[in-house]
Amino acid sequence: MLDINMFREHADIIRADHDKRGLSHDQIDEVIRLDNNWKKARYDADQLRRVRNEAARGIAEAKKAGNDEEMQNILAEVASLGEQIDALGVEADNLENSRDELRMKIPNILHESVPVGENEEGNTLHSKHGNKKEYPFQPKTHNELVDQNNWVDLPRAAKIAGSRFYFLKGDLARMELALQQYAVDFLTVRGYTFVQPPVMMNRTAYEGVTDLADFETVMYNVQPEGFYTIATSEHPLTAMFMDEVMEPSMLPMKMVGISPCFRREVGAHGQSDKGIWRVHQFTKVEQIIISKPEDSWELHEELLSNCLELWDSMDLHYEVVNICTGDMGTVASKKYDLEAWLPGVGTYKEVVSCSNCTDYQANRLRMRFRTPDGNESVHTLNSTAVATSRALVAIIEQNQTETGDVEVPQVLQPYMQGQKLLKSCNW
RNA sequence: GCCGAGAUCGCAUAGCCCGGUAUUGCGGUGGAUUCGAAAUCCACUGUCUUUUGACGCGGGGGUUCAAAUCCCCUUCUCGGCGCCA
């Protein structure tokens, strides 16, 4: 959510941003109109409250002085004031709610380096990494490889849960665990604090970190308590400091989180998403930073460079793309994606997303830090380190041999008792 | 799950019984003093606002001219009992 002062003082900046995104100015104008009406209603209510407060003080004094007649006089004067104040107060609240409901839908201001484009076609190549290996045979898809080795059981998962769930078995499951440990260790030595968050959140906290539409299409609602299962540990880790004023000495706060991630994936269908690529549950190791505004762009590059080093260390081939205006969500101001090469499928596909959300989440969550001139909103940043299911797909396809075996990346071998090849599961 | 006690400004605290301008300490910022520092002293230190104005005592509702204070609901914390991986 953008600061209300942006609408009052710098509406031109928001309008210019909407032009870049190809959006009309209607919503901006409506927020400004509602804000003006709210200010007026509030002013009127404040004036009536003032009259009432003055009367209340008068009554208190008259009572103290034992002047009963004076007290009765004042009481008669303010008899109907309460109702008027309530009516104006309700009007002001309604205006404020409408204003903020609309304000929540207005996207973050994009960074100047974000390329302009209508959709994902407009994303620009930032850099290429690793070797695009040549295979002296026709590379198989990850789906063919996991079937051949019995590493994934989709039909039985569908039987006991539903489609897009999976059992991960044997050595592939062990490599999944190795990936988690490796990524956590990798970031811990770089000064990030390991945090395991709750995997469910209440509605209020969740509204602070996500697009409202996500409640219908992404999150599971857990009854009877009404919790929402998290779609990523970004959400609990960012909301962790909701409603708090942080000490500047705590910033930047760097965390590495791990959690299962739950996604309903409403509306997702199609052959290309078969298997474990797009699923309802996976594990993700995530980087989170809460920083002062002046540090966030440098730290955004740090998050990216952590990803590059991590993925390079596993000897994988991938590209980094700079997400364009038309492909950006509402929350991020700038976003890089890592797209790994899948030789079996023959395309690059998204495995990491690295965003600077500036003060957009912090404004909703009321997360501030202390400065000599008052409290200021912090900036929040997040980046995948590894989403294990997708990293597994990239490793399986890129490290396959002619016989359908998969080589374990060297850096993961210590987490698997030195094992160099994944063994098939025999059932 | 049951019973009891709590939640007050960044932190810690007073006020609550008995309704009438939110107390004090710490921390922070600025200033005085100093060659400089420590110590000391002074001021400021919740939010909003076109306001010598309004709001603010976990959240929501009620009673009242007036609620931190009284009543109801709710969340969380602590203690006791129960259950439990």
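**Figure 1. A polar contact between the side chains of arginine 99 and aspartate 35.** The two side chains come within 2.7 Å of each other in this view. (A polar contact is a pair of N or O atoms within 3.5 Å; within protein, one must be able to donate a hydrogen and the other to accept it, and residues adjacent in sequence count only if both atoms are side-chain atoms.) This is a predicted model, in which local features need pLDDT of at least 70 and side-chain atom pairs count only at pLDDT 80 or more, while totals for chains, interfaces and linings use all residues. Residues are numbered from 1 along each chain as its sequence is written, chains are lettered from A and ligands numbered from 1 in the order in which they are written, and side-chain values use heavy atoms, with hydrogens and water left out. Arginine 99 sits in helix H5, which covers residues 81-105. (Helices, H or I with at least four residues, and strands, E with at least two, are DSSP runs numbered from the N terminus.) With a relative accessibility of 4%, arginine 99 counts as buried. (Buried means under 20% relative accessible area, exposed over 50%, and partly exposed in between, using a 1.4 Å probe and protein chains only.) Setting aside residues up to four places away in sequence, arginine 99 touches Ile4, Arg8, Val31, Leu34, Asp35 and Trp38. (Contact means heavy atoms within 4.5 Å.)

**Figure 2. The protein surface near RNA strand B.** Look here for the 18 residues that surround the strand, of which Arg8, Asp46, Gln47, Arg49 and Arg370 are the closest. (A residue is near a molecule or strand if one of its heavy atoms lies within 4 Å of it.) Of the strand B atoms that come within 4 Å of the protein, 59% belong to sugar and phosphate. Helix H3 (residues 26-64) supplies the largest share of this surface, 13 residues. By residue type, the surface has ten charged, five nonpolar and three polar members. (Ala, Val, Leu, Ile, Met, Phe, Trp, Tyr, Cys and Pro count as nonpolar, Asp, Glu, Lys and Arg as charged, and the others, Gly among them, as polar.)

**Figure 3. Three side chains that meet different parts of RNA strand B.** Glutamine 47 reaches a base: one of its polar side-chain atoms lies 2.6 Å from a base oxygen of the strand. Asparagine 53 faces the phosphate instead, with a polar side-chain atom 3.0 Å from a phosphate oxygen. For arginine 370, an N or O atom in the side chain is 2.6 Å from a sugar or linking oxygen of RNA strand B.

**Figure 4. The largest pocket, with about 1400 Å³ of space.** (On a 1 Å grid over the protein atoms alone, a pocket is an open set of points where a 1.4 Å probe fits, with protein on both sides within 12 Å along at least five of seven lines; lining residues have an atom within 4 Å of a point. Grid points are joined across faces, edges and corners, and a volume is the space filled by probe spheres set on the points.) The lining has 44 residues, and Asp214, Arg263, Lys335, Glu350 and Ser353 are closest to the centre. Elements that give two or more residues to this lining include helix H10 (214-217), helix H11 (234-239), strand E12 (334-342), strand E13 (347-356) and helix H14 (388-398). Strand E13 gives the most, with five residues. The lining divides into 16 nonpolar, 15 charged and 13 polar residues.

**Figure 5. The second largest pocket, about 430 Å³ in volume.** Of its 21 lining residues, Asp3, Met6, Asp359, Asn363 and Ser377 lie nearest the centre. Eight of the lining residues are nonpolar, seven polar and six charged.

**Figure 6. Threonine 238 in helix H11.** This threonine is buried, with a relative accessible area of 1%. A polar atom of its side chain lies 2.6 Å from the backbone oxygen of glutamate 234. Beyond its neighbours within four places in sequence, threonine 238 is in contact with Val209, Ile288, Gln361, Leu365, Met367 and Thr380.

**Figure 7. Proline 252 in the loop between strands E8 (245-246) and E9 (253-262).** Proline 252 is partly exposed, with a relative accessible area of 34%. Not counting residues up to four places away in sequence, it touches Ile289, Ile290, Ser291 and Leu299. Valine 378 is 126 residues away in sequence, yet the C-alpha atoms of proline 252 and valine 378 are 9.5 Å apart.

**Figure 8. Helix H14, a mostly covered element.** Eleven of its eleven residues are buried, among them Arg390, Leu392, Ile395 and Glu397. For context, 51% of the 427 residues of chain A count as buried.
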